[in-house]
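Trainee: Please take one part of this fold and look at it closely. Then follow the chain outward from there, and tell me what the neighbours do.

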Amino acid sequence: MELTYTNKTALVSGAGRGIGREIAMGLAKAGCTVICSSRNPSSCGAVADEINASGGKALSIPFDVSKPEEIRAACVEMLKQFDSIDILVNNAGITRDNLMMRMSDDDWQSVIATNLSSAFYLTRGLLRPMMGKRWGRIINISSLTGQAGNAGQVNYAAAKAGMIGLTKSLAKEVASRNITVNAVAPGFIETDMTSVLPKTVVDAVVPLIPMKKMGKTQDIAAACLFLASDQACYITGQVIGVNGGLYM
Ligand code: NAP
């Protein structure tokens, strides 16, 4: 079966690198017009340039997802250019790991703002026209850590688990408008985010993964592309684990 994406506009947050970049490239290759966003204008700008150079359609709109006022301004700008955003991928995320006893207020608040509140503000800002159009796909990039917990990541796990609650609740609110809301929960994926982990941590985790290897950004993009397609119309409120079988 061929997956189709007829005349769709997509926004991918955190599209400048890693998983977001791969999702943006994949959606563009599938024929979507893609708005690439990240905090740093040069990272999302480079991805949009790469898409346009290879015959796709993209533009970049940089904004900081941890700042509600920047999200609001970006939503106004996007909805000036497009009637509605059809596919929203809430992907931007950070880690600020530490044990609970040593975690600062700022470590907690910046991760909650960037990884969880951002999905609330961005989705709310784009939902009305999506509801009016009676078609939409919202894909939230959660994490295995949000499902299973991980020592040293109470902030990150709380944000990613919160994203799952947001996903399941919103799915029930908007199902009658033909909008699906799903989460993808990656395991350990090779990106800048995991390249900072000490080798000892990676060497300890990889043997625990039933597939005995870390995942690639393409593995996450494949799940997102499926969920974004016309054909995934009856899947909503789900969390798709993409983790090589690792579930602690
Ligand atoms: P990454 O390589 O570190 O890339 C993160 C992207 O998010 C970058 O484009 C970055 O923008 C953007 N970003 C970060 N803070 C932002 C902010 N305040 N405003 C706007 N954009 C911001 O990360 P990744 O590994 O691809 O992770 C992508 C998502 O998957 C995250 O939500 C992460 O939690 C989740 N995830 C990753 C893994 C993994 O193993 N890698 C596992 C589970 C879940 P700039 O380019 O401007 O810096």
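Mentor: Start with strand 2 and strand 3 (residues 57-60), which pair in the parallel sense over 4 bridges. Bear in mind that this is a predicted model. One pair of residues fixes the register: Cys36 of strand 2 stands opposite Ser60 in strand 3. The link between the two strands is helical. Strand 2, helix 2 (residues 41-53) and strand 3 form a β-α-β unit, and its hand is right.

Now turn to strand 2 itself, residues 33-36. In a regular strand, side chains alternate between the two faces of the sheet. Which residues lie on each side of strand 2? Thr33 and Ile35 share one side. Val34 and Cys36 share the other. All four are buried, so both faces of strand 2 count as covered.

Strand 2 has another partner, strand 1. The two run parallel, with 4 bridges between them. Thr9 has Thr33 of strand 2 as its bridge partner. Between strand 1 and strand 2 the chain passes through helix 1 (residues 18-29), and this β-α-β crossover is right-handed.

Two residues next to that unit deserve a look. Ala15 sits in the loop between strand 1 and helix 1. Its relative accessible area is 0%, under the 20% cut-off, so Ala15 counts as buried. What does Ala15 touch, leaving out residues up to four places away in sequence? The list is Gly20, Arg21, Ala24, Cys36, Ser37, Ser38 and Val47. Among them is Cys36, a buried residue of strand 2. Val47 is also on the list, and helix 2 spans residues 41-53. A C-alpha distance adds a further link: Ala15 and Gly45 are 30 residues apart along the chain, with their C-alpha atoms separated by 9.3 Å.

Asn7 is the other one. It belongs to the segment before strand 1 (9-12). Most residues other than glycine have a negative phi. Asn7 is not a glycine, yet its phi is positive, at about 50 degrees. Is Asn7 buried or exposed? Its relative accessibility is 71%, over the 50% cut-off, so Asn7 counts as exposed.

Next, strand 5, residues 136-141. Of its 6 residues, 6 are buried. Gly136, Ile138 and Asn140 take one side. Arg137, Ile139 and Ile141 take the other. Both faces are covered here too.

Strand 5 also has parallel partners. Strand 4 (residues 87-90) joins strand 5 through 4 bridges. Leu88 has Ile138 as its bridge partner in strand 5. To get from strand 4 to strand 5, the chain goes through helix 4 (residues 105-133), in a right-handed β-α-β crossover. Strand 6 (residues 179-186) runs parallel to strand 5, with 6 bridges between them. There, Arg137 pairs with Thr180 of strand 6.

Step just past strand 5. Ser142 lies in the loop between strand 5 and helix 5 (144-148). Its relative accessible area is 2%, so Ser142 is buried. Residues up to four places away aside, Ser142 contacts Lys160, Met163, Ile164, Ala183, Val184, Ala185 and Pro186. Several of these have numbers that fall in strand 6, including Ala183 and Val184.

Step back to the start of strand 6. Asn178 is in the loop between helix 6 (154-174) and strand 6. Its phi is positive too, at about 70 degrees, and Asn178 is not a glycine. At 43% relative accessible area, Asn178 is partly exposed, because that value lies between the 20% and 50% cut-offs.

Finish at the ligand. It has 31 residues around it, of which Asn40, Ser43, Asn91, Tyr156 and Thr191 come nearest. Lys160, a contact of Ser142, has a side-chain N or O atom 2.8 Å from a ligand oxygen. Gly187 uses its backbone: an N or O atom there is 3.4 Å from an oxygen of the ligand. For Thr191, a polar side-chain atom is 2.5 Å from a ligand oxygen. How much of the ligand does the protein bury? Taken alone, the ligand exposes 890 Å², and the protein buries 96% of that.

Terms used
Residues numbered from 1 in each chain as written. Predicted model: local features only at pLDDT ≥ 70, side-chain atom pairs only at ≥ 80, totals over all residues. Heavy atoms only, no water. Buried < 20%, exposed > 50% of the residue type's maximum accessible area, 1.4 Å probe, protein only. Pairing = 2+ DSSP bridges. Right-handed = clockwise from strand over helix to strand, strands pointing away. Near = heavy atom within 4 Å. Polar contact = N/O pair within 3.5 Å; in protein donor to acceptor, adjacent residues only side chain to side chain. Areas by Shrake-Rupley, 256 points an atom, 1.4 Å probe, with all protein chains shown as cover. Contact = heavy atoms within 4.5 Å.
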